[in-house]
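This briefing addresses the pockets of a single protein model and one of its sheets. Please consult it alongside the sequence and coordinates shown here.

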Amino acid sequence: MFGLIISLLVGKTIKASTFMPVQGSQVAAQVDSLYMFLLVTSAIFCVLVIGGLIYFVLKYRRKSDDDKTAYISHNNFLEFLWSFIPFVLFMIMFGWGWHVFHQMRDFSKDSLEVHAVGQKWFWDFKYKSGKSSAGEFYVPVNTPIKLIMTSKDVLHSFFLPGMRIKQDVIPGRYTALAFTPNKEGTYQVFCTEYCGDQHSSMLAKMKVVSQEEYEQWLQEDASAGLSLVEVGQKVYEQKCAVCHNTNAERKVGPGFAGLYNSERQFADGSSAVADENYIRESILVPGAKVVNGYPPAMPSFQGQLSEDELSGLIEFIKSLK
Ligand code: CUA
């Protein structure tokens, strides 16, 4: 039913089967197989259980006033079977589901990164080159994509039915999705978290195109803005350079070179890998994780940087090797 409704909505954009939207990636095909398995298994057990119920009601109904029910206490073999068969089925569903889910969160190092920002009631997209667009974004076919998402106001949810991926978009932190489109075309993006009056019109389009067409689109008004890294460098010079070096040497705080993706040891003995969320937190809530050997001297930059400046600064730090 769910698939039918979605395909009716998406069918306008892309010709799809009447049951499911078009499969835009390999994972999409895997999701559909799993969905089919769940549907068929449920249908079989529905027929068995309801059919059995009707059969027993008819066969063992009370036929006369002195009809007596036979005394049956238990049956070990049957009880084992009706526990073991569901157990095996559920474990198959769990393992299969985990395998598919894992691929939606598996970010390969050579992914093309696209920043998506949700706000009432539209989607903004930004690329490393500084290219930005609203309501529509392009990706090249057969390229792993990493969507890095956040929200400017309330909870939204980014849903790409053609890729069978969906993820909450949360103010104050990043969430991410991975997918590799393998079919060119236009795909519908929905917001699937009720976010206010115009929630249902919070839409966007994703165009999956050839590498050449993608690069052409990326060049269009590329001179309009600074690249994310350039935006970040400006912020760095104005706000961070007093305390942080662009090489690995310490100043008041740690140097930025090689920081991204490195393991950080904290004063409280814990540790974490410096990903986008860690860097974001360190800028906005510096006291949350203080690197071992440094004073907790950094002020918070909460409310002082726009989402673009934050993303830019993070990209700048990522670019320092
Ligand atoms: Cu944004 Cu619903």
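**Pockets and sheet of a predicted model**

The largest pocket has a volume of about 590 Å³. The model is a predicted one. The second largest pocket has a volume of about 490 Å³. An open sheet of 5 strands is described after the two pockets.

**Largest pocket**

- The lining of the largest pocket comprises 29 residues, and those closest to its centre are His244, Pro254, Ser282, Pro286 and Met298.
- Two or more lining residues are contributed by each of helix H5 (228–240), helix H6 (276–284) and helix H7 (307–319).
- H6 supplies the largest share of this lining, with 4 residues.
- By class, the lining of the largest pocket consists of 22 nonpolar, 4 polar and 3 charged residues.

**Second largest pocket**

- For the second largest pocket, the lining is made up of 20 residues, and Phe107, Glu113, Lys146, Tyr260 and Glu276 lie nearest the centre.
- Strand E5 (145–151), strand E8 (175–179) and H6 are the elements that each give two or more residues to the lining of this second pocket.
- Helix H6 is thus named among the contributors to the largest pocket and among those to the second largest pocket.
- The lining of the second largest pocket divides into 5 nonpolar, 6 polar and 9 charged residues.
- The second largest pocket lies between domain 2 (112–224) and domain 3 (228–319), because both domains give residues to its lining.

**Open sheet**

- The order of the 5 strands in the open sheet is E4-E10-E9-E6-E7, with mixed pairing.
- Strand E4 (136–140) and strand E7 (165–169) are the edge strands; each has a single partner strand, so one side of each is left without a neighbour in the sheet.
- On average, neighbouring strands of this sheet are turned by 25° against each other, direction ignored.
- Helix H4 (residues 211–219) packs on the sheet, where it touches E4 and E10. The direction of H4 makes about 140° with that of E4.

**Pairing of E9 and E10**

- Strands of a sheet pair through backbone hydrogen bonds, in either a parallel or an antiparallel manner.
- Strand E9 (residues 185–191) and strand E10 (residues 204–209) run antiparallel and are joined by 5 bridges.
- Gly185 has Val208 in E10 as its bridge partner.

How values were computed: Residues numbered from 1 in each chain as written. Predicted model: local features only at pLDDT ≥ 70, side-chain atom pairs only at ≥ 80, totals over all residues. Heavy atoms only, no water. Pairing = 2+ DSSP bridges. Axes fitted to C-alpha atoms, helices over the stretch in contact; angles between N-to-C directions. Contact = heavy atoms within 4.5 Å. 1 Å grid on protein atoms, 1.4 Å probe; cavity = no way out; pocket = protein on both sides within 12 Å on 5 of 7 lines; lining within 4 Å. Points joined across faces, edges and corners; volume = space filled by probe spheres on them. Nonpolar A, V, L, I, M, F, W, Y, C, P; charged D, E, K, R; others polar. Domains from an automatic or database assignment.
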